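Here is a walk through a structure you may not have seen before. Have a look at the sequence and the model, then read on.

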Amino acid sequence: MMRSLLLLALAAALCTCTDPIELTTDFETPELVVDAWLTNTSEPQTIRLTQSQDYYANRLPAGVTDAEVVVCLESGTACYPFVHQDSGRYVWTPQPGETIGAVGDQFVLGIRQGGVDYASRTTMNRVPPIDSIAVRLEEERLGLDEGRYAQLYARDFTGVGDAYLVRTTINDTLLNLPRELNLVYDATFDAGSGTDGIVFIAPIRFNINKLDEAGSFIPLETDDRIEVEIWSLSQEAFFFLSVARDQIQNGDNGIFQIPVANSPGNVINLATEQPALGVFNVAAVSAASKTVE
Amino acid sequence: MKHFLLTFLAVCCTLGVFAQTNVTARGYVRDAANGETLIGATIYLEGTNKGTSTNEYGFYSLTVVPGTYTMVVSYLGFADQRREVELLGNMTLDFDLGEAGSVLEEVVVTATEEDRNVSTVQMSVEQLDMSTIEKLPSLLGEVDVLRSIQLLPGVTSVGEGAAGFNVRGGSIDQNLVILDEAPVFNSSHLFGFFSVFNPDAVKGVKLYKGGIPARYGGRLSSILDVRMKEGNNQQFELQGGIGTIFSRLSVEAPLVKDKSSFLLAGRRSYIDVLAAPFLSGDLANTELNFYDLTFKTNYRFNDRDQLFLSGYLGRDVFSPGDDAGFSWGNATGTLRWNHLFSDKLFANLTAYYSDYDYAIDFGNDPNEDAFNWDASIVNTSLKPEFSFFMSPTNVLRFGGQVIHYRFEPANAIAVSQGDRIDISVNRQWALESGAFVEHEVTLFDKFKLNYGIRLSHFAYLGGRNVYTFGEPLRQGLPRPLTGFTPTERNETIEDWLNWEPRAALQYTLSETSSLKASYQRTAQYIHLLSNTTASIPLDIWTPSTNNIDPQLADQFALGYFRNFRDNAYELSLETYYKSFDNLIDYIDGADLVLNEFVEGQVLVGTGRAYGTELQLKKTKGRASGWISYTLARTERLVEGINNNEWYPTRFDQTHNFNLTGFYELSERVTLSGTFVYNTGTPLTLANSGYYQLGYFVPNNAGDARNNFRIPDYHRLDVSLTLDPKKEKADRRWQGQWVFGVYNLYARRNPFTVYGQQADGRSAPGAAVNTEAIKLSVVGSIVPSVSYNFTFK
């Protein structure tokens with residue numbers, strides 16, 4: 001946020017320019033990727049096993065189809081087999097009303113692929129209810145046209161260390177631009193800031209609006225439908241996504257870019273004791289929606 | 001150590017005894033036109049090999065056997081002055097030099113001082129006068145001290161517009177930038193584009209890259225000593241200029257003629273003034289400006305006591321409307337007292353205050369939703385220094401320094417829907433002290449030696465919680481907090497003591513050539529926490545703590561110096577090797593600001609830098625200038641980075657070539673040009689990526705650091721300076737036009753290269769497109785015109 005303000009001022013002072021170029025990388029060996037973001041909703045749960053690819057490959061990933069995947073409650077009371085469907089999608093379909101577990105449950109993920117065992121452990125953390133989605137008229141200001149915009153009202157739990165992901169869908173469009181990745185840690189952006197138990201801060205509340213390609217928020221229209229979900233995150237999942245967020249938004253930082261950093265995964269190769277790529281997280285979800293009148 | 005001290009005392013005492021029967025001439029060397037003291041002017045006794053030079057206050061002391069001498073005083077750009085002197089007793093002899101070309105009595109042409117680079121013991125030092133800096137082509141026509149020194153060998157930068165500079169493999173926080181002794185923590189306006197030093201107020205700059213004398217301490221890699229003018233003590237003078245970015249105005253005048261003068265200089269950018277008519281609504285309140293004010297005054301009580309008071313205040317303000325504000329700046333104040341205890345013992349006592357701070361605020365309703373954050377580093381210091389000029393071949397310097405630091409990493413309040421929460425990061429305090437002794441001596445005519453030692457001490461003081469951290473779960477993850485202890489104010493939590501030996505040796509090969517060697521150990525106790533490519537004004541400084549040790553460096557340098565053609569050409573060739581200890585780096589994804597536990601994200605490593613610097617200067621004639629070339633390597637080794645193997649730093653440049661030339665087309669017109677070429681700097685690129693939650697996450701498979709080099713950088717700048725006509729020289733108003741073109745052939749030099757998600761939203765389940773981007777800070781040719789004037 002601060003860096004983009006700096007950049008704005010800088011761009012005002014000099015005509016800085018960017019040009020697309022061709023780059024070849026030294027990428028050689030694809031690695032296993034575990035994309036295991038489960039929720040406590042009574043819907044089919046999917047774990048994707050894929051391969052990493054050249055950064056500039058610009059294609060969907062190759063699925064890993066020959067694995068065995070299972071998620072169990074650490075207490076040993078239940079195990080959920082994830083069955084391969086197609087192109088690396090492993091799905092467990094709950095019975096009507098059934099969920100994978102409840103807040104506070106601890107889960108283990110086991111994957112056997114190519115003779116190697118992988119495992120991960122996580123806890124389903126608490127998620128606060130959404131108080132409301134409010135739509136309000138905003139005056140014109142820097143980077144914002146006059147118009148109606150939505151805000152998400154929710155209050156962080158008291159106690160340091162609550163982490164959430166806010167996922168928003170507007171008229172069936174999932175907000176998935178880099179700048180729309182909306183992470184919350186104790187009501188603000190990052191861990192260690194010392195906030196706690198307050199209403200999500202204004203930039204997070206506002207980040208459920210859709211961005212245009214230039215990075216400006218698009219005002220809402222009458223009959224627009226906004227659906228918001230808050231997912232609870234483990235510490236590892238938050239740290240992974242916060243590094244990923246800073247990396248995928250890094251291009252906007254211009255001369256103040258941070259170094260390329262790898263997001264640390266939490267699925268461990270039991271042979272090497274090194275993490276594979278990707279994260280296993282089981283989220284408790286709270287949801288709300290609103291139609292603009 | 002004991003042996004060293006005994007030898008040292010023996011040498012000093014012996015020489016002191018012989019000096020008893022001698023007589024001393026002492027005084028100041030000044031510019032006749034404005035009374036400014038001249039730093040580094042040489043005083044030489046014709047027909048002998050005895051001579052000395054003025055110190056940073058323009059003072060000299062020369063002790064010789066009684067007799068009649070011809071004293072020749074010279075300074076580059078000024079006509080030499082020669083005076084017959086009957087030196088039978090101690091005498092005060094001041095000299096006022098006139099500029100070369102102006103008519104003064106007894107103008108002689110000698111070349112004694114121009115061989116300074118050969119004859120002095122100091123190596124690895126670069127000196128630039130304002131008259132040279134002013135002639136250099138510059139970005140948008142703004143004369144800039146810091147950009148100028150980047151044309152010198154061994155000085156690089158991570159890229160155009162980045163704050164700070166790198167000296168012989170050192171990071172930007174390893175330079176001590178001092179303005180009249182007070183440290184300036186952020187020397188840039190507009191992030192890094194312009195330096196905070198107003199050219200109208202600066203007398204000159206001196207950069208020590210190596211062989212740093214023991215009197216300087218506190219940073220590993222360099223000392224940039226910026227000296228302010230004292231102010232014209234002969235007559236009222238108004239100077240100013242209208243440039244593309246700044247307008248400047250300075251006034252200087254005698255307060256009491258020959259005793260006291262002052263200088264007040266200000267600059268302000270006016271991009272906001274020009275933009276104002278085009279902004280409406282909330283944007284009408286946009287603030288976007290930067291300014292600085294420089295002040296200095298002095299009073300000479302008698303020929304033994306002089307007092308100087310100088311101050312600097314600068315600020316950058318960015319506030320796009322009422323909702324957000326951001327500002328940063330330095331403030332410094334220096335009080336200095338020069339006192340002559342005897343004709344041979346010169347003393348200076350400096351007291352200074354320096355404060356760098358920034359402030360950020362968001363939200364137009366402080367009771368509803370707001371975020372306010374300010375941070376600062378404040379230091380106050382007392383610094384007595386003594387120079388004992390025993391004989392022309394024997395100078396002893398000693399002194400000390402105490403610095404008190406207060407770090408305020410964040411005083412911050414977050415307000416969300418009326419809930420107010422204090423998210424400040426605890427303050428830190430520290431006390432740094434140093435004592436030094438330094439002896440410069442000529443041995444057997446051919447050798448000059450400057451050796452000394454600095455003893456430095458740093459105490460991390462209590463008054464806050466002290467944290468301890470455990471081992472990380474895995475390499476690359478933050479170290480977990482394992483405990484904290486509250487501490488009392490001023491209690492010493494941890495302290496360090498370091499001996500920093502320094503030595504420089506010069507061996508005269510001939511009248512026009514010499515060999516030099518130097519060694520230095522330096523310790524640095526405060527550190528800038530920064531992991532962005534270019535440092536941002538929000539970067540904070542931290543003291544050494546129980547989790548962060550002081551940084552240490554050792555440097556060896558060898559040099560060959562030779563002058564040709566009656567000193568018209570100066571050649572220097574230096575080679576150095578430098579090793580670093582306890583350098584700071586960060587874990588992946590480190591969060592350095594507003595983080596109480598930032599110490600848990602710091603990694604520690606070692607470093608090495610080596611290289612060869614070649615410079616050829618032409619100092620006389622219608623065409624002058626210099627060529628410099630540096631071949632260098634700078635690397636780090638940090639556990640947890642690059643698979644624990646050496647990697648080049650982000651500012652490593654294999655080749656760095658600069659050509660700077662001035663050509664006097666006529667008496668009025670000077671053409672200047674600079675050509676810069678350097679190897680592209682290395683950086684880390686994501687080579688692969690993978691999908692998570694529909695996002696494409698970049699990944700650096702193999703974990704190599706800085707394994708890609710951006711394309712080479714080269715640029716040509718030219719400028720044309722039109723001085724006032726000679727026949728109008730006695731007019732009170734003198735105007736000068738400068739026409740400049742920066743980046744003449746409009747090369748889009750890359751600052752960085754990176755990968756990013758291409759524009760456009762990908763549909764769920766569809767591939768995310770990525771692209772490689774080259775960012776050029778200056779994307780085009782940048783012409784400029786500026787007008788400067790003097791009114792006397």
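How many bridges join E15(A) to strand E18 of chain A? There are seven, and the two strands run antiparallel. Keep in mind as you read that this is a predicted model.

**Strand E15 of chain A**

Strand E15 covers residues 225–233 of chain A, and seven of its nine residues are buried, so the strand is largely enclosed by the rest of the structure. Strand E18, its partner in that pairing, takes in residues 285–291 of chain A. To find a matched pair there, look at A:Trp231, which stands opposite A:Val285 in E18(A). E15(A) also pairs with strand E12 (residues 163–170) of chain A, again antiparallel, through eight bridges. In that pairing A:Thr168 stands opposite A:Val228 in E15(A).

**Where the two chains meet**

Now for the contact between the chains. Chain A puts in 81 residues and chain B puts in 83 residues. On the side of chain A that touches chain B, the elements supplying at least two residues each are helix H1 (2–13), strand E1 (17–21), strand E2 (32–39), strand E4 (53–54), helix H3 (235–248) and strand E17 (277–283). The biggest giver is H1(A), with nine residues. Sorted by class, this side of chain A has 45 nonpolar, 22 polar and 14 charged residues.

There is strand pairing across the chains as well. E4(A) is joined to strand E45 (residues 688–692) of chain B by two bridges, and the two run antiparallel. Here A:Gln53 has B:Gly689 in E45(B) as its bridge partner.

**A residue between H1 and E1**

A:Thr16 sits in the loop between H1 and E1 of chain A. With 18 C-beta neighbours inside 10 Å, A:Thr16 counts as partly exposed. Its C-alpha atom is separated by 9.2 Å from that of A:Gly254, although the two are 238 residues apart along the chain.

**The nonpolar cores**

As a general point, nonpolar side chains tend to be buried together in soluble globular proteins. In this model, the largest nonpolar core has 199 residues, and A:Val34, A:Tyr164 and A:Val184 have the most contacts inside it. H3(A) makes the largest share of this core, with eight residues. What does A:Val34 touch, leaving aside its neighbours within four places in sequence? Its contacts are A:Leu49, A:Ile111, A:Val267, A:Ala276, A:Gly278 and A:Phe280. Apart from the largest core lies another, of 22 residues, including B:Val29, B:Leu38, B:Ile43 and B:Val73.

**Chain B as a whole**

Chain B holds five helices and 52 strands. Its radius of gyration is 27 Å, close to the 28 Å that the globule rule gives for 792 residues, so chain B is as compact as a globular protein of that length. The C-alpha trace of chain B spans about 95 × 65 × 50 Å along its principal axes. Of the 792 residues in chain B, 51% are buried. Taking the contacts in chain B with a separation of 6 or more, 66% are between residues 24 or more positions apart.

UniProt, in an unreviewed entry, lists residues 120–219 of chain B as "domain: TonB-dependent receptor plug". Over that stretch the chain is 11% helix and 27% strand, with 24 Å between the end C-alpha atoms.

**An open strand, and two loop residues**

Is strand E32 (residues 481–486) of chain B buried or in the open? Of its six residues, the number buried is zero, so E32(B) lies largely in the open. It pairs with strand E31 (residues 465–469) of chain B in the antiparallel sense over five bridges, and B:Phe469 stands opposite B:Leu481 in E32(B).

Finally, here are two chain B residues, other than glycine, with positive phi values.

| Residue | Phi | Loop in chain B | C-beta neighbours within 10 Å |
|---|---|---|---|
| B:Gln417 | near 50° | between E27 (394–416) and E28 (419–422) | 18, partly exposed |
| B:Asn642 | near 55° | between E40 (623–638) and E41 (647–648) | 20, buried |

Note on methods:
Residues numbered from 1 in each chain as written. Chains lettered and ligands numbered in written order. Predicted model: local features only at pLDDT ≥ 70, side-chain atom pairs only at ≥ 80, totals over all residues. Contact = placed C-beta atoms within 7 Å. Helix = DSSP H or I, 4+ residues; strand = E, 2+ residues; numbered from the N terminus. Nonpolar A, V, L, I, M, F, W, Y, C, P; charged D, E, K, R; others polar. Pairing = 2+ DSSP bridges. Core = buried A, V, L, I, M, F, W, Y, C linked by C-beta atoms within 7 Å. Buried ≥ 20, exposed ≤ 12 C-beta atoms within 10 Å, placed from the backbone. UniProt positions renumbered as here; feature names shortened; annotations may be inferred. Rg over C-alpha atoms; globule rule 2.2 N^0.38 Å.
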